[in-house]
Amino acid sequence: MQLLPLQDVASQIKAGLPLAWSIRDANGKLLLARGQRVTDAGMLEALLARGMFVDAAEMRAAMSSSHAGCKPKEGFLGRWRLAGARLNTLLTTTPAELRAALMEVVDVVIALADRYPDKVLFQILRHDQTKLQSYGVSHSLHSAAVCCLSARRVGWDDAQRRTLVAAALSMNLSMVELQGRLAVQSVPPTPEQRAAIEDHPLRSAELLRAAGVDDPLWLAAIEQHHERADGSGYPRGLTDVGELAQALHFADVFTDSAGHPLAAALIKEFGIYPPGCFVRLASGEIAIVVHRGETVAAPVVACLTNAAGQSMMRPQRRETTGKSGAIRALLADADVMVRVSWEMLYPDD
């Protein structure tokens, strides 16, 4: 049984309402069963003071069950956008309850990545690149999702994944607004901006400590995520770089990290034709990938045009395993004039 601190999910417990998961002691012994109630804020504070825990598997199952029962408007896309909005608030205001609130976003990212990996990849690839002011927040969310998927592929346990996702969400805490300014800035960074960039791993860790984060692995990953094994990184020029910090780096620039197991996991996770990319089929139809297939070369696509290049009224799903449906080429965004809504591509959401 993988136990997680109750403190990490305390913000999701509402006084007087049934518990969505059981509360246990450090040995896993049941104290409050799922469905029982925390009667008031005082009772919750007492449980937190005693250092209680929850079963990670039970918590995740409860979240998945709750998600499965959501109304359409609260489906994947709604929860993904809410996670981004919540993260934006946390990273730009740094509230006193930052740690607990960040862990809420961590749980949502993990739940969505585990249940809907293709939709997560689609959102990363088809992110609106014109929203430059919010680059820092979207980059943190995307990095966290990529870390989650790659860590699962290499077999990391729940505790490792949660720490890694939390670190990815908060690694640029001290420079989120600066990232937005740099994204729209037409000139190179000023000396002051360059100094802030080089110092941000240490300053982000300081902010997290001030907000109550005391996990040494989380903090070390933040401080080291720009360090390199050859000593060429910053801010300290370390050569002994932790595994979590390396994972954060690979999620950021994995195409430059060939040969490392985590980099290989990222490449395998995205595949040759990741969800969200445009392709031309052997039939002449233009399509967008919506799901990965049984093999990396044969994903499921939604055709946007017919063989003559005429737009379809509604996207048509196609398997790409047959000869006529096989993918012949990747297409750049500029080569595809047709755009369709998320709801038309994923009517089940």
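In the predicted model, strands β5 (residues 278-281) and β6 (residues 286-291) run antiparallel and are joined by three bridges. Within this pairing, R280 stands opposite I286 of β6. Four residues lie between the two strands of this hairpin, and G284 takes a positive phi near 100° there. Strand β6 is mostly covered, with five of its six residues buried.

On to the next pairing, β6 is joined to strand β7 (residues 300-305) by four bridges, and these two strands also run antiparallel. Two of the residue pairs can be named: A287 has C303 of β7 as its bridge partner, and V289 is matched with V301 of β7. In general, the side chains of a regular strand alternate between the two faces of the sheet. Burial is complete along β7: six of its six residues are buried, so the strand is largely enclosed by the rest of the structure.

Strand β7 pairs in turn with strand β8 (residues 311-319), in the antiparallel sense and over five bridges. One of the partnerships links T305 to S311 in β8. The hairpin of β7 and β8 has five residues between the strands, and G309 takes a positive phi near 90° in this hairpin.

Among the helices, α10 (residues 216-224) was examined for burial and packing. Its buried residues are W218, L219, A221, I222, E223 and Q224. These buried residues pack against four other helices, namely α4 (98-115), α7 (158-170), α9 (191-210) and α11 (243-253). At the start of α10, a side-chain oxygen of D215 comes to within 2.9 Å of the backbone nitrogen of L217.

The largest pocket holds about 580 Å³ of space. Its lining is made up of 24 residues, and those nearest the centre of the pocket are R81, Q123, R126, H127 and D128. Two or more lining residues are given by each of α3 (76-93), α5 (117-125), α6 (135-153) and α13 (342-345). Helix α3 provides the largest share of the lining, with five residues. By chemical class, the lining of this pocket comprises 13 nonpolar, six polar and five charged residues.

How values were computed
Residues numbered from 1 in each chain as written. Predicted model: local features only at pLDDT ≥ 70, side-chain atom pairs only at ≥ 80, totals over all residues. Heavy atoms only, no water. Buried < 20%, exposed > 50% of the residue type's maximum accessible area, 1.4 Å probe, protein only. Contact = heavy atoms within 4.5 Å. Polar contact = N/O pair within 3.5 Å; in protein donor to acceptor, adjacent residues only side chain to side chain. Pairing = 2+ DSSP bridges. 1 Å grid on protein atoms, 1.4 Å probe; cavity = no way out; pocket = protein on both sides within 12 Å on 5 of 7 lines; lining within 4 Å. Points joined across faces, edges and corners; volume = space filled by probe spheres on them. Nonpolar A, V, L, I, M, F, W, Y, C, P; charged D, E, K, R; others polar.
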